[in-house]
Every structure is written in structure tokens, then in C-alpha cells.
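Student: Could you take me through one part of this structure slowly, in one connected answer? I would like to look closely at the sheet and at what lies against it.

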Amino acid sequence: MISSMTAFGSARAESELGSITIDLRSVNNRYLDLNLRIPEELRFVESQVRERLNESLQRGKIELRLSFHKNLLVQKSRLDPAYLEKLAAELELARRFIPDTPAPKLQELMQSQQQEQTQEKAEQWQATCLEALGQALQDFQAARLREGERLAKEMLSIAADIQRIVDDVEQHIPQMLQDQQNKISDRLRESLSLANPDGFSHISGEELSARIAQEASLFSLRSDVAEELTRLRSHLKELQHILQGKDTGNKRQRKGSSGKRLDFLFQEMNREANTLGSKAGSLNVTEAAIDLKLLIEQMREQAQNIE
């Protein structure tokens with residue numbers, strides 16, 4: 001599916017230590033640009049957060065804000081009976097082999113328990129943070145998909161207008177070619193009359209061949225627009241293929257950026273519209289080429305927001 005680079009997502013996760021809230025915002029950007037705002041006390045989770053974002057996102061300027069609230073009830077520092085029982089068992093085991101092993105002092109017990117609790121708290125905060133991040137990413141990606149779906153519909157609507165212009169030009173090709181042939185015949189007749197006002201009987205074969213070759217070359221240059229129309233049709237099919245997400249089953253294609261592929265596709269479509277305009281043999285084709293360029297530019301502007 002097509003994803004927009006403009007979106008917002010938010011989530012909150014709680015544990016016995018407190019709660020963590022994560023807000024994700026993004027705007028369009030050529031590459032993935034991460035800006036993480038994490039409190040200093042939880043800075044140890046930054047590497048994992050950054051890794052998760054790199055795995056989940058491809059493009060966009062991403063801003064992540066993490067805030068947390070501590071549960072005041074767990075801030076009291078006291079010796080835990082369960083912790084003391086564990087230490088006592090370890091001390092008893094040590095004295096079986098080293099009878100004179102001294103018992104730890106109260107301050108040492110407090111410091112040891114605090115270090116263990118700090119490690120446990122860090123692991124809990126990390127788990128809570130990753131839980132909040134996972135939920136925020138789900139909300140964020142859902143918003144991106146909704147916006148991407150809207151952009152895809154707008155571009156498909158514009159693509160339908162382009163298709164109608166291509167069909168209209170293609171229908172007028174026979175008449176355009178006939179008009180062009182008539183113009184060339186008139187031009188050739190005028191040229192031959194200027195070359196020999198008294199008639200064509202005294203015109204050499206070489207001169208006549210040169211005149212015909214010159215006009216035929218001009219005719220060929222001006223009339224060959226069917227090739228550009230065919231390529232435009234092909235590009236429109238590829239556009240639908242990308243916007244409708246039909247390439248999501250291919251892992252190799254999924255790694256690429258749909259926005260970048262669309263940007264390249266619009267460059268090629270614009271090239272065909274320019275060539276069509278330069279070969280235009282009628283005012284209608286010239287106007288069609290201008291309309292095509294305007295519609296392609298509208299799609300290109302929309303594609304700037306696609307991941």
C-alpha cells in the first residue's frame with residue numbers, strides 16, 4: 001500500500017514503575033531523518049528506539065517525543081525481605097566452604113539492593129518504552145496509510161484525465177495525418193510551381209526527388225506521435241500498478257521507495273508530453289501536450305508526500 005510521509009501517532013504504556021507516552025510526527029523528506037527527544041534518565045533506550053524506527057520507516061523527517069511519569073509509591077527505598085533471604089542463603093552456602101566469611105554491613109546491603117533494583121527498573125522502563133513505541137508506530141503507520149490512500153485516489157483521478165486526453169489525441173491522429181498530407185501536397189505543389197512556373201516537364205528527376213525527400217522528412221517528423229502516446233499509456237499502467245500496491249508481494253520491490261519510483265515515472269511522462277508538443281501537427285495536439293504537462297505536475301506535487 002501507498003504510505004504518506006505526513007502523519008501523527010501517539011501511544012501510552014504503563015507499568016508498576018510509571019507510564020511512558022510517545023508521540024510521533026513526520027513530514028516529507030528525501031531521506032529518513034530521525035529527531036529523538038528522550039529525557040536524560042531514559043537515554044539508555046535511544047539505540048533500540050532508533051533501530052526500531054529504522055526498521056519500520058524508509059523516508060520522512062521523523063520527530064519522536066518521549067515523556068514519562070514515575071509512580072511515587074515505588075520511590076521509597078527499604079530492604080526487601082525476599083532480597084535478604086536470597087543473600088542469607090548465599091552467605092550460608094559460602095560459609096560451608098569458607099566458615100569465616102563475614103556478613104555484609106547494612107550500608108553494603110542497601111547499596112547492593114539499590115544496584116539490583118536499578119538494573120531491574122532499567123529493564124522494566126525499556127520494556128515499557130518499547131511497548132509504547134510499538135503501539136505508537138501502529139497508530140502512526142495507520143495514519144500514513146489513510147493519507148496515502150487519499151493521495152493515491154487523487155493521483156488516479158488525475159491519471160484518468162490524462163488517459164482521456166491520450167484517447168482523444170489518438171482518435172484525431174488519422175484526421176491529423178490527412179490534414180498534414182494535404183498541407184504537404186499543397187506545399188510541394190507550390191514549391192514545384194516556384195521551381196518551374198511554365199510546368200513540371202522541364203524539372204529534372206534529381207530536383208524532384210530532392211523536393212519530395214525534403215517534404216517527406218518533414219512529414220515523418222511531424223506525424224510520428226503514436227509512439228509517444230503508446231509510451232504514455234504504458235506509464236499510466238505502471239502508475240496504477242504502484243498506486244494500487246500490486247508490487248507489495250515482491251520483497252525486492254518492497255524495499256524501494258514508492259515516492260522515488262513515482263518521481264522517476266513522472267519525469268518520463270513529462271518527457272513524452274514535451275516530445276508530443278514538439279511534434280504537434282495541429283493546435284489541438286499542442287493544447288493537449290500543455291494540459292498533459294499541467295496534470296503530470298499536479299501528480300508530481302502529490303507524490304512529494306509519498307514514502
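Tutor: Let us begin with a pair of residues in this predicted model: arginine 37 stands opposite arginine 65, which belongs to β4. Another such pair is aspartate 33, which has lysine 61 of β4 opposite it. The strands concerned, β3 and β4 (residues 60–70), pair in the parallel sense, and six bridges make up this pairing.

On another pairing of β4, the sense changes: β2 and β4 run antiparallel to each other and are joined over ten bridges. Here isoleucine 20 has phenylalanine 68 in β4 as its bridge partner, and phenylalanine 68 is a residue to keep in mind, since we shall come back to it.

With these pairings in hand, the whole sheet can be laid out: it is an open sheet of four strands in the order β1-β2-β4-β3, and its pairing is mixed. The edges are taken by β1 (7–15) and β3 (32–37), and because each of them has a single partner strand, one side of each is left without a neighbour in the sheet. On average, and with direction ignored, neighbouring strands of this sheet are turned by 15° against each other. Against the sheet packs helix α1 (residues 46–56), which touches β2 (18–27), β3 and β4, and whose direction makes about 150° with that of β3.

Now we can return to phenylalanine 68 and ask what its ring does. A search of the whole structure finds one aromatic pair. Its members are phenylalanine 68 and tryptophan 125, whose ring centres are 5.5 Å apart and whose planes stand at 80°, so the pair is edge-to-face. This pair links distant parts of the chain, for phenylalanine 68 is in strand β4 while tryptophan 125 is in helix α3 (residues 106–195), and the two are 57 residues apart. How exposed each partner is can also be stated: phenylalanine 68 has a relative accessibility of 21% and therefore counts as partly exposed, whereas tryptophan 125, at 8% relative accessibility, counts as buried. The cut-off that separates these two cases is 20%, under which a residue is called buried.

It helps to set the sheet within the chain as a whole. The secondary structure of the protein chain comes to eight helices and four strands, and from the N terminus on the elements run β-β-β-α-β-α-α-α-α-α-α-α. Of the 307 residues in the protein chain, 34% are buried. Among the contacts with a separation of 6 or more, 79% are between residues 24 or more positions apart.

One last place, among the helices, shows another buried residue and its contacts. Histidine 235 is found in helix α5 (residues 226–243), and at 14% relative accessibility it counts as buried. If its neighbours within four places in sequence are left aside, histidine 235 is in contact with Leu265, Glu268, Met269 and Glu272. The buried residues of helix α7 (residues 258–278) include Leu265, Glu268, Met269 and Glu272. An α-helix has 3.6 residues a turn, so residues three or four places apart point the same way. As for α7 itself, it has 21 residues and reaches 30 Å from its first C-alpha to its last, close to the 30 Å expected at 1.5 Å a residue. The N-terminal end of α7 is capped by serine 257, a side-chain oxygen of which lies 3.3 Å from the backbone nitrogen of glycine 259.

Terms used. Residues are numbered from 1 along each chain as its sequence is written. This is a predicted model: local features need pLDDT of at least 70, side-chain atom pairs count only at pLDDT 80 or more; totals for chains, interfaces and linings use all residues. Side-chain values use heavy atoms; hydrogens and water are left out. Two strands pair if DSSP finds at least two bridges between them. Axes are lines fitted to C-alpha atoms, for helices over the stretch in contact, and angles run from 0 to 180 degrees between N-to-C directions. Contact means heavy atoms within 4.5 Å. Buried means under 20% relative accessible area, exposed over 50%, partly exposed in between (1.4 Å probe, protein chains only). The expected span of a helix is 1.5 Å times one less than its number of residues. A polar contact is a pair of N or O atoms within 3.5 Å; within protein, one must be able to donate a hydrogen and the other to accept it, and residues adjacent in sequence count only if both atoms are side-chain atoms. Rings of Phe, Tyr and Trp (its six-membered ring) pair if their centres lie within 6.5 Å; planes under 30 degrees apart count as stacked, over 60 as edge-to-face and the rest as tilted.
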